[in-house]
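Please look over the sequence and the model below before reading on. The briefing that follows takes up metal coordination and then nonpolar packing.

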Amino acid sequence: MVLKNKYSLNMKNDNPITEMSPVVGGLLRIHKIISRGLNISIRKCDEYVGNQGIPSEEAIGFSMYLSTLKWVTHSHHLSEDDIVFPYFKDYIDAPYNRLKDDHNDMARILDALDQRLLEVSAGGIGKLREVLDEFDKLWGPHIKIEEENFTAEKLQGVIGMKEQATLAEKLGEHSTKNAGPGPLALPFLFYNLEGKDREAFMKPIPWIAKKVLVPIIWRSQWKPMSPFLL
Ligand SMILES: [Fe+2]
Ligand SMILES: [Fe+2]
């Protein structure tokens, strides 16, 4: 195991710190994706409640967006439970038990969310909003703990850059395996980010997926979600 980062000296000083840590960069980006997904869903619920219902042309896309949000969150938590936490435990102090308990609590909320999705078009938006609120209350403080404890600076002191790159790759593979159907998960991941974040997220994704599958072959499948995407 390489304990000191040999590569940092070769990197430009003006690089943002997260770019020097692929693991932390990945963590921050997936948190951003889920946070946006959650915010948009809550905002949309409020809009629908105010308008006394969901327009029929948005109902399918909204369910699809929420169900993909559920899959992506579930997959993110699995990668943390299976890979990130066991790996970090030896090097970084953090309230791992609390984080795992939060994951379990959120898993229950995500199941409830799934149930609510069945009623979306039948005017169950108010109940859905309540479930999303519960999710939101846990999510904010949870990622705050992770982001304060798992910083690029801390990681760099204990895990070498090569090892971080391998870990980031492993995390990428693990999450695409568990994030639900690719035709929905990949566009959800790409288009809940923008600018440099989207660019960085898409960089390691195979060319065929980002240039052909998502924008062309799978487009008709995820198109109903587009009103909620960037
Ligand atoms: Fe987490
Ligand atoms: Fe996380």
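**Iron site and nonpolar cores**

In sequence, the residues that donate to the iron ion (ligand 2) follow the spacing H-x44-H-x3-E-x65-E. His76 belongs to helix H3 (residues 56–88) and Glu146 to helix H5 (residues 125–149), so this pair ties together parts that are 70 residues apart in sequence; helices here are DSSP runs of H or I with at least four residues, numbered from the N terminus. This is a predicted model, in which local features need pLDDT of at least 70 and side-chain atom pairs count only at pLDDT 80 or more, while totals for chains, interfaces and linings use all residues. Residues are numbered from 1 along each chain as its sequence is written, ligands are numbered from 1 in the order in which they are written, and side-chain values use heavy atoms, without hydrogens and water.

**Iron site**
- The protein donors of the iron ion (ligand 2) are His31 (NE2), His76 (NE2), Glu80 (OE) and Glu146 (OE), at 2.0 to 2.1 Å, where donors are N, O and S atoms within 2.8 Å of the metal (3.2 Å for Na, K and Ca).
- Glu80 coordinates both this ion and the iron ion (ligand 1), the two ions being 3.2 Å apart.
- His76 is buried at 6% relative accessible area, and Glu146 is buried at 0% (buried means under 20%, with a 1.4 Å probe and protein chains only).

**Nonpolar packing**
- The largest nonpolar core (buried Ala, Val, Leu, Ile, Met, Phe, Trp, Tyr and Cys residues joined through side-chain atoms within 4.5 Å) has 46 residues, and Phe62, Leu128 and Phe135 have the most contacts inside it.
- Helix H2 (22–50) is among the elements giving two or more residues to this core, and H2 provides its largest share, 8 residues.

Technical notes: Buried < 20%, exposed > 50% of the residue type's maximum accessible area, 1.4 Å probe, protein only.
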